Amino acid sequence: MSAAPTVERPVPVTARGVRVVEPWGLVPVALLAAVSLWWVESADQSLFALAAEQLREGGVYYRDVWDIKQPGLYWFYLLGDHLVAGGLGARLLEAALAVVAAVLVQVLVAPWGLRRSVRLAAPTMVLGPYLLYASLSGVGEIEGLMNVLVLGLLACTWPVGRRAAPRPPWAWFVAGLLVAVVCLLKLLYAPVAVLLLGVALYAGRPLGRRAVVLRAAYAAGAFALVAVAVAALLAAQGVLGMALRTTFELPGQVAGVAALHEPQSLPELPRALKNMFPVLGPLAVLGLLTARRGGRLPLALALAGAGALELALGMTQIWTTYRWLMLSAPVGLLAVFGSEALLGWFDARPGRRTLALRLGVGLVAAGLTLPILRPAFALATAPDQRWGLDPASRIRRGEDAGALTRPVAASALVAGKVAPGERVYVFGDARIQVLTRTRLGLPVAGLTMHFMPPPVWDELARELAASPPRFVYVGARDWSYERRGPGRAVFDYLDEHYRVVAENAEGTWYETDSPGSSRPTASVRGLFGPTS
């Protein structure tokens, strides 16, 4: 009896006969995404996870949990919390999206006639800096997710190859949905998405006016559909007015307050770029300079414009290391084109091909791993290594690695005094509440109160007086400006109704004998209207 003939599975290919999805090229990104689950916990992530728990139990964003951010990131954490509680679900979602983004990179570069070695390395070059640099507190941040959205926008709207037919209208509809997601995450980044869509309309084979209008209409229609649905949801929850003022009025006031406290972004920028792109940065410049030869100039200019716009938008924000994570996609794609040009130069000199391969692999590997060497070394040499995936283990690893604040030391001050599940308000590091297993004490988040304008401090004072939590923690920083100015009512209330029960170099714990019986909700009238 003869054996059944072996049937080769079909492989997706482009018009050039190039394999679209190269599984081996996805492996490094998948490994980095898996390892990122162990990156240390930041104060932001702890706050998002605590808020997601509140929302999962029936809370409403802007009412039961209030922050200056748009609701998208909190909803993302809420979705992750339905998978795995404690912030790990959001990390799993982000890791899965990183692998999806790696596939999108392969889809984008497949039609451009690149060497197979470059196509295999492309996903790692584009997403590696983001996944590695996120170890410095950037896991689960909007800026990292922006890389996935930018790649999705390019895959939906960019013509497949030079002088190729434009993407179909349904792809532009999907692009419109992605633009809406960008706005739900951070409205400030909407210009990046609009720029990429605008350039894509006129890239590739020339379109007639009707075709351009049709595709723009599909994208605008999808965006409007999401906008109307979100507005209807917020209105049904009774927080639409609060959402509008939080989105369009308060950010300008926050920027004015932050300018009084935060260092300038310009001196910090070169260090961040050097750490993220020590090798890929020069390759990206080479890719831009040589883009005309391969017919990739429109795409290269769009990527350069998006990167420049991201830089400009990042400079306007509060100092954080993760602001620059969103540069990974545009810089990485340009570096892919630069790698192709560099290898082409060596191909013209056959005797140097082996040297080029070894040198290129070594440089790219070193460039991708440089940002992680320092924190990885600190973790490896920590006296008490904790490799669990639970939030407490991730927080303790960060403190062992020399974090700027020490939430473990701060939470130890009230060990045995604070009951798990109790309402606690923290001015500062939200990781303290994860370690003490307590709940958010008041709707207005305390992590960034030192950036908040007077209306938010006034709202916090009303919430504190309406239902004071038994414990309040004030981080050790200079609060003299807030005590004299916008936060005077809050600190006067603490001084009058609370007493100090513990303190060290990290901060001070206050306790009251008359805590409120329930958690208040944010006052729409107080925060978003005149008070009587």
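Axes are lines fitted to C-alpha atoms, for helices over the stretch in contact, and the angles between N-to-C directions run from 0 to 180 degrees. Helices (H or I, at least four residues) and strands (E, at least two) are DSSP runs numbered from the N terminus. The model is predicted, so local features need pLDDT of at least 70 and side-chain atom pairs count only at pLDDT 80 or more, while totals for chains, interfaces and linings use all residues. Residues are numbered from 1 along each chain as its sequence is written, and side-chain values use heavy atoms, with hydrogens and water left out.

**Exercise 1. Describe how helix 14 packs against helix 15.**

Step 1: Two packed helices are described by the angle between their axes and the distance between the axes. For helix 14 and helix 15 the angle is about 145° and the axes are 9 Å apart.

Step 2: The crossing of this pair is left-handed, a term that applies if the near helix is turned anticlockwise from the far one by less than a right angle, with clockwise giving right-handed.

Step 3: On the side of helix 14, Leu299, Ala300, Leu303, Ala304, Gly307 and Glu310 meet Pro330, Leu333, Leu334 and Phe337 of helix 15, where contact means heavy atoms within 4.5 Å.

**Exercise 2. Describe the packing of helix 4 and helix 6, and place Leu145 and Leu151 in their surroundings.**

Step 1: The axes of helix 4 (residues 88-109) and helix 6 (residues 142-157) come within 9 Å and cross at roughly 35°, and this crossing is left-handed.

Step 2: Among the residues that meet here are Leu97, Ala101 and Leu104 from helix 4, and Leu145, Leu151 and Gly152 from helix 6.

Step 3: Leu145 counts as buried because its relative accessible area is 5%, the classes being buried under 20%, exposed over 50% and partly exposed in between (1.4 Å probe, protein chains only). Leaving aside residues up to four places away in sequence, Leu145 touches Leu73, Phe76, Glu94, Leu97 and Leu185. The C-alpha atoms of Leu145 and Leu325 are separated by 8.8 Å, although these residues lie 180 residues apart along the chain.

Step 4: Leu151 and Phe427 have the most contacts inside the largest nonpolar core, which has 143 residues; such a core is a set of buried Ala, Val, Leu, Ile, Met, Phe, Trp, Tyr and Cys residues joined through side-chain atoms within 4.5 Å. A second, separate core of ten residues includes Val414, Val418, Val424 and Ile432.

**Exercise 3. Compare the settings of Tyr62 and Arg437: which loop holds each residue, and is each buried or exposed?**

Step 1: Most residues other than glycine have a negative phi. Tyr62, however, has a positive phi near 80°, and Arg437 has a positive phi of about 55°.

Step 2: Tyr62 is found in the loop between helix 2 (43-56) and helix 3 (72-83), whereas Arg437 is in the loop between helix 19 (431-436) and strand 2 (439-440).

Step 3: Tyr62 counts as buried because its relative accessibility is 1%, while Arg437 counts as exposed because its value is 58%.

**Exercise 4. Summarise the chain as a whole.**

Step 1: The secondary structure comes to 23 helices and five strands.

Step 2: Of the 532 residues, 53% count as buried.

Step 3: Among contacts with a separation of 6 or more, 75% are between residues 24 or more positions apart.
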